[in-house]
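Hi,

Here is the structure I promised to pass on. Have a look at it first, and my notes follow underneath.

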Amino acid sequence: MLDSKRYAIIGADLRDLSELEEKLKKCNMNTQLPTLLITECVLVYMTPEQSANLLKWAASSFETAMFINYEQVNMDDRFGQIMIENLRRRSCDLAGVETCKSLESQKERLLLNGWETASAVNMMELYSGLPRAEVNRIESLEFLDEMELLEQLMRHYCLCWATRGGQELGLREITY
C-alpha cells in the first residue's frame, strides 16, 4: 500500500469486496466526494457474477461516481473466437467473456448493476473520431503496414462509461 494525503494505491482482490472496502476505509476514502473508477481489462477475467457484484458495490457505495471500463467486445465473431482460443492455449481463461458480446451487452451490464447512465464505443470508432493531425502524429510514431489487423483489433476493444449522481457536475452529459 502507498498512502499520502491526497493519493493512495492499494492492492486488493476485486472479487473480495469486504477486503476492498476495508482497505479503502484505511485510506480514509470519502464516498461522499465525486469519484472516478477505472478498470482496464479486469472485469473480463472475473465471472459475470463477480463483476456484477463489483459493479453493484461501486454503484451503491458512491453518491456521485463515474465508472470507466476498457475491455474486449464483439467476442462472438470469428476474430473474437480466435482471440479466446489463443488465450486459452496460454492457460488464460476469460471467465467473463460472455458479457463482452457487444457494446449493448457492455452497457446493459452497467445499467443492470445500479448505474444510472451507460455508454460504449469501440476503439476503432473512437480512433476514427480523433482529429486528423492527431491520427497522423500517432501513426508517425511507428510504421504499421497491417492497418487492417489494427482495425480488426480495435473493433474488439471498447471504452464503456457509466455514471451515478453528479447531475450538478454534468456527468449525464458526457457522451461520445
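**What I found**

Trp115 is buried, with a relative accessible area of 3% (buried means under 20%, exposed over 50%, partly exposed in between, with a 1.4 Å probe and protein chains only). Before going on, a word of caution: this is a predicted model, where local features need pLDDT of at least 70 and side-chain atom pairs count only at pLDDT 80 or more, while totals for chains, interfaces and linings use all residues. Residues are numbered from 1 along each chain as its sequence is written, and side-chain values use heavy atoms, with hydrogens and water left out.

Back to Trp115. Leaving aside neighbours within four places in sequence, Trp115 touches a good list of residues, including Leu37, Leu55, Phe67, Leu110 and Ala162 (contact means heavy atoms within 4.5 Å).

Trp115 also belongs to the largest nonpolar core, which has 21 residues; Leu37, Trp57, Phe67 and Leu110 are, with Trp115, those with the most contacts inside it. A nonpolar core here is a set of buried Ala, Val, Leu, Ile, Met, Phe, Trp, Tyr and Cys residues joined through side-chain atoms within 4.5 Å. Helix 2 gives this core its largest share, five residues (helices are DSSP runs of H or I, at least four residues, and strands are runs of E, at least two, numbered from the N terminus). Another core, of 15 residues, lies apart from it, with Phe79, Ile84, Leu94 and Met123 among them.

Now the rings. The whole structure has three aromatic pairs, counting rings of Phe, Tyr and Trp (its six-membered ring) with centres within 6.5 Å; planes under 30 degrees apart are stacked, over 60 edge-to-face, and the rest tilted. Phe67 and Trp115 make a tilted pair, because their centres are 5.8 Å apart and their planes sit at 45 degrees. Phe67 is in strand 4 and Trp115 in the loop between helix 4 and strand 5, so the pair ties together parts 48 residues apart in sequence. Phe67 is buried too, with a relative accessible area of 3%.

Tyr70 and Tyr157 form a stacked pair, 5.5 Å centre to centre with 15 degrees between the planes. This pair links strand 4, home of Tyr70, to strand 6, home of Tyr157, 87 residues apart. Tyr70 is partly exposed at 25%, whereas Tyr157 is buried at 17%.

Cheers
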